[in-house]
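The following exercises are intended for a reader who is meeting this structure for the first time. Each task is followed by a solution in steps.

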Amino acid sequence: MKSTMHPVNYVDRTLTCDGVALADIAAKTGTPCYVYSAATILANYRAYDDTLQGIPHTICYAAKANGNLAILRLLAQAGAGFDIVSGGELHRVLKAGGNPAKVVFSGVGKTSEEIDAALAAGIFAFNCESEPELALVDALAHRRGIRARIAIRVNPDVSAATHAHIATGSLGHKFGVDIGQAEAVYERARHYENLSLEGVSCHIGSQQFDFDPMMQAANRVLELIAVLRAKDFEIRHVDLGGGLGITYRPDEPAPPISEFAMALREKAAGLGLHLFLEPGRSIVGNAGVLLTRVLYRKKSGDKEFVVVDAAMNDLIRPALYDAHHEILPLRATSSGCGLRADVVGPVCESGDFLAQDRQMPEVFPGDFLAVCTVGAYGFAQASNYNARPRPAEVLIENGAWRVIRKRETFEDLIKGEE
Ligand code: LLP
């Protein structure tokens, strides 16, 4: 039985992922390098899908969490739909063989080019976030002589217990239409001849452990649906977003996907609604590790530093959200956790750290480490800051591994520049 935390474990002191020694990957691919477990991604997807068997549902994986084509293809082949937020994500999903009829398009700032591309592709629905956006989708659908299916994304005014940067469901956030205004907005949108107002959507934030705010949001959305139906809107689907948290710290276990999906199932079942969900992190987050190599040890004042070859440009979550990621040596020692150190990268900022004041095993230059639980919003938020090529990505599938994205080269860094 695998840990629910991540798919890596020690076999004879060697850290492995799905039976593959991570040191082999580090040696052959170099570091830094993201490694993902296909089996974990699929197990997470199936935990949603299996729990919702028997009611009409579509799991729209939030491509923003990890948009690598191989991962999108894996999920597309398993039957997933996709939640996209840009023309670029639409392009990726289509390239990966995703079914456009299972795509929902969220986001507060869709451009006319992006909307038109989504209409051309025949996506399932737009999660519209404002009245001017409704007008634009209507106009563009009219030009194409088609009707666009719409769910208005409502802001249910429920505060998610999560980091402020990733909470989205309270009034004053830029997302959605205030729930108090929603009925009037649907009424005003009735006259648009090229829109089918068939759904309601919401998403209140990410990395949530407490179901209460999400259930409260679902209740408010379902109440709104009842009101809209009473006014003869043919509401056929509800999209309850993503947001389930994952286990980053062993002592803070996340609720299982099946429990979360069951709670939502119980809300939506029997109402004649097709249920859409948009999970990102809970599908890919625990499936990835970032391999990195220790370059130096040093001290400053009382502090110890382990300088590694991965940095904030490769994984920005610690710097941006104070996120905790477990760090494990690829070769376990028997020395215990005798070191207290900051694990930092080569980028020229004091905010460049992967861990702070971390109690960890003694490590030395040349040792390899795995930064855990980075499958979501890891590579996806990587940049070329400090002119650092972005890392390679590797997928382990059926006991074998392959590079699914080459490490960038210096030539890649200057591509398109004069
Ligand atoms: N649907 C919408 C409309 C979203 O905005 C998001 C995430 C999701 C679905 C997927 O949420 P998930 O299931 O992954 O929680 N970079 C941050 C997370 C940003 C989340 C943005 N929206 C992080 O690294 O924690």
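## Exercise 1. Salt bridges

A search of the whole structure, which is a predicted model, finds 22 salt bridges.

Task: Determine which residue forms a salt bridge with Asp116, and where the two partners lie.

Solution. Step one is to identify the partner: Asp116 is bridged to Arg143, and the closest N and O atoms are 4.0 Å apart. Step two is to place both residues: Asp116 belongs to helix H5 (residues 112-121), while Arg143 belongs to helix H6 (residues 131-144). Step three is to compare their positions along the chain: the two are 27 residues apart, and the pair links distant parts of the chain.

## Exercise 2. Overall form

Task: Describe the secondary structure of the protein chain and decide how its radius of gyration relates to the globule rule.

Solution. Begin with the elements: the chain comprises twelve helices and 21 strands. Next, take the radius of gyration, which is 22 Å and close to the 22 Å given by the globule rule for 418 residues; the chain is therefore as compact as a globular protein of that length. Finally, consider the extent: along its principal axes the C-alpha trace spans about 70 × 50 × 45 Å.

## Exercise 3. Two domains and their interface

Task: Give the division of the chain into domains and characterise the interface between domain 1 and domain 2.

Solution. First, locate the domains: domain 1 covers 8-37 + 285-414, and domain 2 covers 39-281. Their centres, taken over C-alpha atoms, are separated by 32 Å.

Second, examine the contact: 25 residues of domain 1 are in contact with 21 residues of domain 2. The area buried between the domains is about 2,000 Å², with 53% of it given by carbon and sulfur atoms. Tyr321, His324 and Tyr377 supply 28% of the area that domain 1 buries against domain 2, more than any other three residues.

Third, count the polar links: there are zero salt bridges between the two domains, but eleven residue pairs are in polar contact across the interface.

Fourth, find the elements on the side of domain 1 that touches domain 2: strand E4 (33-37), helix H11 (317-321), strand E20 (392-397) and strand E21 (400-405) each supply at least two residues. The largest share, four residues, comes from E20. By type, the residues on this side divide into ten nonpolar, eight polar and seven charged.

## Exercise 4. Backbone details

Task: State what is notable about the peptide bond from Thr31 to Pro32 and about phi of Arg13.

Solution. Take the peptide bond first: from Thr31 to Pro32 it is cis, with omega near -10 degrees. Pro32 is situated in the loop between helix H1 (22-29) and E4. Then turn to Arg13: its phi is near 70 degrees, a positive value in a residue other than glycine. Arg13 lies in the loop between strand E1 (8-11) and strand E2 (14-17).

Conventions:
Residues are numbered from 1 along each chain as its sequence is written. This is a predicted model: local features need pLDDT of at least 70, side-chain atom pairs count only at pLDDT 80 or more; totals for chains, interfaces and linings use all residues. Side-chain values use heavy atoms; hydrogens and water are left out. Domain bounds come from an automatic or database domain assignment. Contact means heavy atoms within 4.5 Å. Buried area is the accessible area (1.4 Å probe) that two parts lose on being put together, summed over both. A salt bridge is a side-chain nitrogen of Lys or Arg within 4 Å of a carboxyl oxygen of Asp or Glu. A polar contact is a pair of N or O atoms within 3.5 Å; within protein, one must be able to donate a hydrogen and the other to accept it, and residues adjacent in sequence count only if both atoms are side-chain atoms. Ala, Val, Leu, Ile, Met, Phe, Trp, Tyr, Cys and Pro count as nonpolar, Asp, Glu, Lys and Arg as charged, and the others, Gly among them, as polar. The radius of gyration is taken over C-alpha atoms; the globule rule is 2.2 Å times the number of residues to the power 0.38.
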